[in-house]
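Grab a pencil and have a go at these exercises before you peek at the solutions. Each one asks you to find something in a protein and then reason about it.

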Amino acid sequence: MSKIARMMQQATAGAGGAGLDVDSLFSTFLYDGGGAKNITNSIDFSNEGGMVWIKARDDSTSNHFYDTERGVLKRVTLDTTEQETTDNYSLSEFKYDGFTLLGDLAAIGLNKNNKDYVSWSWRKAKNWFDIQTYTGNGSSQTISHDLGCEVGMMFIKKLTGGTANWMIWHRSLGGANKYIRPTPTAMGTSTTRLNNTLPTSSGFTVGNDGDTNSSGANYVCYLFAHNNNDGGFGPSGDQDIIKCGSFTPPSSGEAEVNLGFEPQFIITFDTTGGDNWRVYDIMRGWNITDRQLLNPNEPNQESTLSNTSGYELKPTLTGFIHEGHSASDKHIYMAIRRGPLAVPEDAT
């Protein structure tokens, strides 16, 4: 899509007509490491804002997050408790159609020569994704956000003032006092992290816990929507593109979760904390016979799952199939719809 066409689509979105297409809001982009490069993925970071998550596929390196609210050269890692780091050799520019990487970033495992990488990009938009930064006050406060709909999942990270765990909340955990963390992977209960208050369509509340509201410390929060027949996307403005829910695998056999759409990306987490997080996407290989798995809570490289690999997820035209799991634990997920939603008008 050209820049002019994209601007026209954005102007009409939400005005009672066409809504945004998922392909202008989310991208899975694969690249070979080494040398400065432009990642052109049709995500308008410079005008709309957004976040990039980068992970090596064939190298044991961390999961790096960059966003337009904190600015280029500033990263946080999902699989560590480290605070924000400012680099002189990382993601160097957010553009109207993607982002730019500097040269071989071997020091942080971001763009090593002859290594394969995946980048997942989210553009900010109502009913989809938002980013908020704030300064802690040590007691409690409510932070406004721009989702304008039900919050499906939130990632909060302390940026300054010392190390801290990520605080991750999901609508299916069972309340405002429940949270999960990626490192070490676990689910916990706390009345202070979110002040025992459920997020609303316009804000979320943090209490006096250091992981979410230490006095004088800076924080970032990534907010992911949950669409429930109210997404407002696609040519008719009536399609959902993101869902956050849960499922409990049967002790044997298979079961299916009906999302109402074919997914292109999914992240799942076992709420008992016994298993690693799992990320699948169609660009790296996710179908009935080919499943390439990454664990975002670990610096592990990608692994290939076969039909005999045990517990797995398989995409369908309306959702995904999950196989039997010996513990029958409750799993939460965030799934993103496969695009495009509009009928292609050009052969390219």
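Below are six exercises on this predicted model, each followed by a worked solution.

**Exercise 1. Getting an overview**

Work out how many helices and strands the protein has, and what percentage of its residues are buried.

*Solution.*
- Step 1: Start with the secondary structure, which comes to 3 helices and 26 strands.
- Step 2: Move on to burial. Of the 348 residues in the protein, 55% are buried.
- Step 3: Look at the surface. About 13,200 Å² is exposed, and carbon and sulfur atoms supply 44% of that.
- Step 4: Check how far along the sequence the contacts reach. Take the contacts between residues at least 6 apart in sequence: 63% of them join residues at least 24 apart.

**Exercise 2. A sheet of three strands**

Find the order of the strands in the open sheet that contains E2, E7 and E8, then explain why one side of E2 and of E7 has no neighbour in the sheet.

*Solution.*
- Step 1: Read off the order, E2-E8-E7, and note that the pairing is antiparallel.
- Step 2: Look at the edges. Strand E2 (37-40) and strand E7 (91-95) each have a single partner strand, so one side of each is left without a neighbour in the sheet.
- Step 3: Check the twist. On average, neighbouring strands of this sheet are turned by 20 degrees against each other, direction ignored.
- Step 4: Zoom in on one pair. E7 and strand E8 (residues 98-101) are joined over 4 bridges in the antiparallel sense. Lys95, for example, has Gly98 in E8 as its bridge partner.
- A bit of background: strands of a sheet pair through backbone hydrogen bonds, either parallel or antiparallel.

**Exercise 3. From a strand pair to the cores**

Find out how many bridges join E10 to E17, and which strand gives the largest share of the largest nonpolar core.

*Solution.*
- Step 1: Locate strand E10 at residues 129-135. This strand is mostly covered, with 5 of its 7 residues buried.
- Step 2: Count the bridges. E10 and strand E17 (residues 218-225) run antiparallel and are joined by 7 bridges. Within this pair, Ile131 stands opposite Tyr222 in E17.
- Step 3: Turn to the largest nonpolar core, which has 58 residues. Tyr222 is among those with the most contacts inside this core, and so are Trp53, Trp122, Trp128, Ile156, Phe224 and Phe265.
- Step 4: Ask where the core residues come from. The largest share, 7 residues, is from E17.
- Step 5: Don't miss the second, separate core. It has 14 residues, including Phe45, Ile54, Ala56 and Phe94.
- Background again: in soluble globular proteins, nonpolar side chains tend to be buried together.

**Exercise 4. Two asparagines and a cis bond**

Asn114 has a positive phi, and Asn127 has a positive phi too. Decide for Asn114 and for Asn127 whether the residue is buried or exposed.

*Solution.*
- Step 1: Take Asn114, with a phi of about 65 degrees although it is not a glycine. Asn114 is in the loop between E8 and strand E9 (116-123). Its relative accessibility is 64%, over the 50% cut-off, so Asn114 counts as exposed.
- Step 2: Take Asn127, again with a phi of about 65 degrees. Asn127 is in the loop between E9 and E10. Its relative accessible area is 16%, under the 20% cut-off, so Asn127 is buried.
- Step 3: One more backbone detail is the cis peptide bond from Gly339 to Pro340, with omega near 0 degrees. Pro340 lies in the segment after strand E26 (331-337).

**Exercise 5. Hunting for disulfides**

Find how many disulfides the whole structure has.

*Solution.*
- Step 1: Search the whole structure. The result is 0 disulfides.
- Step 2: Test Cys149 as an example. The nearest cysteine sulfur belongs to Cys244 and is 9.5 Å away. A disulfide needs the sulfur atoms within 2.5 Å, so Cys149 is in no disulfide.
- Step 3: Check burial. Cys149 is buried at 7% relative accessible area, and Cys221 is buried at 0%.

**Exercise 6. A buried loop residue**

Which residues does Arg57 contact, leaving aside its neighbours within four places in sequence?

*Solution.*
- Step 1: Place Arg57 in the loop between strand E3 (50-56) and strand E4 (64-67).
- Step 2: Check its cover. Arg57 counts as buried, at 16% relative accessibility.
- Step 3: List the contacts: Leu30, Asp116, Tyr117, Val118, Arg284, Gln301 and Glu302.

Terms used:
Residues are numbered from 1 along each chain as its sequence is written. This is a predicted model: local features need pLDDT of at least 70, side-chain atom pairs count only at pLDDT 80 or more; totals for chains, interfaces and linings use all residues. Side-chain values use heavy atoms; hydrogens and water are left out. Two strands pair if DSSP finds at least two bridges between them. Helices (H or I, at least four residues) and strands (E, at least two) are DSSP runs, numbered from the N terminus. Axes are lines fitted to C-alpha atoms, for helices over the stretch in contact, and angles run from 0 to 180 degrees between N-to-C directions. Buried means under 20% relative accessible area, exposed over 50%, partly exposed in between (1.4 Å probe, protein chains only). A nonpolar core is a set of buried Ala, Val, Leu, Ile, Met, Phe, Trp, Tyr and Cys residues joined through side-chain atoms within 4.5 Å. Contact means heavy atoms within 4.5 Å. Accessible areas come from the Shrake-Rupley method with a 1.4 Å probe; for residues, only the protein chains shown count as cover.
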